[in-house]
Amino acid sequence: MTDKKAADRSLPLPEAVRAVRLWAVTAFRAAPLLVVVQCLLAILQAVTAPAQTYGVKLLVDGLTGRDAATIWLGSAVILGGFAVSFVGTVVSIPIQDTTAERVAGRVYRDLLDVTVSIPSITHHEDPEVADRLELIREQAWRLGMSFEMLLFAIGIGANTVAVLGLLGSVHPALLLLPLLGLGRVWSSYRNIRRVQDAIEETAPRHRMIDRLIEISKDARNGLEVRVFGLRPVLVDRLARLHDEVFDIQATALRRGALLDSVVRAAFGVVYAAAIVWVLARARSGQFSAGDVVLLILVAPQVDQLAGGLAGNVYWMGEILRSFGRYDWLREYAARNSWSDSRAPAPPRLTEGISFRGVGFRYPGSEQATLHDVDLDLPAGSTVALVGENGAGKTTLVKLLARLYDPTTGSIRVDGTDLRDIDPAGWRPRISAGFQDFVKFQFTAREVVAIGDTERMDDEHAVAAAIRRGDAEAVVEKLPRGLDTQLGRKFSEGVDLSGGQWQRLALARAFMRERTLLLLLDEPTAALDPEAEHVLFERFAQASRLAAAETGGVTILVSHRFSTVRMADLIVVMADGRVAEVGSHEELVALGGRYAELFRMQARAYR
Ligand SMILES: Nc1ncnc2c1ncn2[C@@H]1O[C@H](COP(=O)(O)OP(=O)(O)O)[C@@H](O)[C@H]1O
Ligand SMILES: [Mg+2]
């Protein structure tokens, strides 16, 4: 095991306490009443058997001492115990399932909510944070099934207290017996860890085995497998891997079984000695007959308690660790909530958006992507960003959406640093269409309408956005129109071509009207140049009208000069810097990079 893994395994006490708290609070929030009832039932059920054992002791003492009151009390406790365990079992099974379901649902909801609530996307890209997120996602099922474990832990706690009480009531020295039980918990924990380590150790071999089987399954590989006579190679390799896996796991299990039997035997011998001790003293009258019976009856309970704890302590630890990570994520989200950004977004732009000495380096990346960007985007203008792949156009767009903050310098919106503007106020005032847009597996209507969640039910708004995105033809072809479920994951789902998806994504970007900033980052890359040109001609007119009202800025990234030349301002980017700025005519006259790229494309189309 590597050091890193070892460190990941141990959870410091304060964090463990917080994790337990989060665990309990999450369950309670999911279904307060059900959880409380379940916990009470768990405690009640856990103390039933010890209580009944005590009842038997009373009964025996009452019978031997001919004491009617003690006989009655003992009988009542025993019968009451039967009633409680019967009712408890009948009642708890159905609510336990309901509660577990609710808790799991709540955990998944909270997890999604926390992840999405973080205003920046840095956490998806910082490798260390992303790794942890991945772990949390992988282990979400653990958090989901945690409720049963929580009940179990509560039950174990109550059971331990009750059993200790019983033993202590006979003689305090007998409290040492459960300590031996702890030996079993320890050995069992070690065993499960050992098996888990073996599973981890054999994981690469399992992957290899899967790959070998895949090779033999695939028809495309069949040809080479046969021509080269690969059967012995494949079969021998598979057999060897299987043998290795078996050896590693069998060794772990064998060692575990040995340790376990030694510890159990030691427990049995010491417990038997304790019984003999009490029995001997009972003959001299120091202990009652009931005490002897009690000690004998408690033996299997102590064993069961140790066994139950042993079998689950590993998984309790794992769930606790998962909650520890989840707790870390919540803290990370709280730390990165940009709660200091309080300034409201302006109702309309009067000056525009300006970059002052903006530099940017991606989290986890060695080199800066943007350097010293100084740029003024006047209110109401349409700005085209051009430049080769990797020049930094998309990065600039992401900074404008405030998916990241600049590493150096600042972006100012009518003079206010974007860093100071409340993201909850800024985001609703911008809209965006990206080249690698999301293919939301929703209905066609929803795919567009989520562009403005405030107006999702507004039929006119959706229709207008579809018109602006030139997506009417796409919708007309759908079997159930706007109600068609999109995506292949559904049996009724319809999949679209790249261009059709793109038109819907563009319509989505046009859902919000009167935006302060519209970001269009190669949103029409899957369309042909003519379609793009027509679309933007229509769009440019509409956006000029809107801009007159809001002073909104439109940023358009495109490689097609027929589109680019329509912009009021063209920004040429190269190697993360602004190389040239001006109108189409100015830049052509300048005879620089833009003029050269323009000439090259014009020649290609001629
Ligand atoms: N998430 C990221 N992490 C690290 N580097 C990135 C990331 N995204 C982009 N880059 C790098 O930043 C540079 C600019 O990328 P980008 O802004 O996407 O360029 P463009 O949109 O002009 O093609 C590229 O060198 C790219 O490799
Ligand atoms: Mg790009």
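How far apart do the end C-alpha atoms of residues 353-600 lie, and how much of the span is helix and how much strand? The legends below take this up first, and then move on to some close-ups of the predicted model.

**View 1. Two annotated stretches of the chain, seen side by side.** Let's begin with residues 353-600, which carry the UniProt label "domain: ABC transporter", taken from an unreviewed entry. Here the end C-alpha atoms are 32 Å apart, and the span is 35% helix and 23% strand. Now look at residues 40-302, which UniProt, again in an unreviewed entry, annotates as "domain: ABC transmembrane type-1". This stretch is 91% helix and 0% strand, with 22 Å between its end C-alpha atoms.

**View 2. The shell of residues around ligand 1.** Have a look at who sits around ligand 1: Glu125, Tyr362, Thr369 and Glu388 are there, along with the run Asn389, Gly390, Ala391, Gly392, Lys393, Thr394 and Thr395. Sorted by character, the shell holds 2 nonpolar, 6 polar and 3 charged residues. Helix H13, made of residues 393-400, gives the most to this shell, with 3 residues.

**View 3. Polar contacts to ligand 1.** Zoom in on a few atoms and you can pick out some pairs. The side chain of threonine 395 has an N or O atom 2.5 Å from an oxygen atom of ligand 1. Glycine 390 joins in through its backbone, where an N or O atom lies 2.7 Å from a ligand 1 oxygen. Tyrosine 362 uses its side chain instead: an N or O atom there is 3.4 Å from a nitrogen atom of ligand 1. On its own, ligand 1 has 560 Å² of accessible area, and the protein covers 63% of that.

**View 4. Aspartate 452, in a loop between two helices.** You'll find aspartate 452 in the loop that links helix H15 (444-449) to helix H16 (459-468). Is this residue buried or exposed? Aspartate 452 counts as buried because its relative accessibility is 10%, and buried means under 20%. Leaving out residues up to four places away in sequence, aspartate 452 touches Met511 and Arg512.

**View 5. Helix H16, from its cap to the residue that follows.** At the N-terminal end of H16, aspartate 458 acts as the cap, with a side-chain oxygen 3.1 Å from the backbone nitrogen of histidine 460. Along the helix, the buried residues are Ala461, Val462, Ala464, Ala465 and Ile466. These buried residues pack against H15, helix H17 (472-476) and helix H18 (498-509). After H16 comes aspartate 470, which has a positive phi, near 55°.

Technical notes
Residues numbered from 1 in each chain as written. Chains lettered and ligands numbered in written order. Predicted model: local features only at pLDDT ≥ 70, side-chain atom pairs only at ≥ 80, totals over all residues. Heavy atoms only, no water. UniProt positions renumbered as here; feature names shortened; annotations may be inferred. Helix = DSSP H or I, 4+ residues; strand = E, 2+ residues; numbered from the N terminus. Near = heavy atom within 4 Å. Polar contact = N/O pair within 3.5 Å; in protein donor to acceptor, adjacent residues only side chain to side chain. Areas by Shrake-Rupley, 256 points an atom, 1.4 Å probe, with all protein chains shown as cover. Nonpolar A, V, L, I, M, F, W, Y, C, P; charged D, E, K, R; others polar. Buried < 20%, exposed > 50% of the residue type's maximum accessible area, 1.4 Å probe, protein only. Contact = heavy atoms within 4.5 Å.
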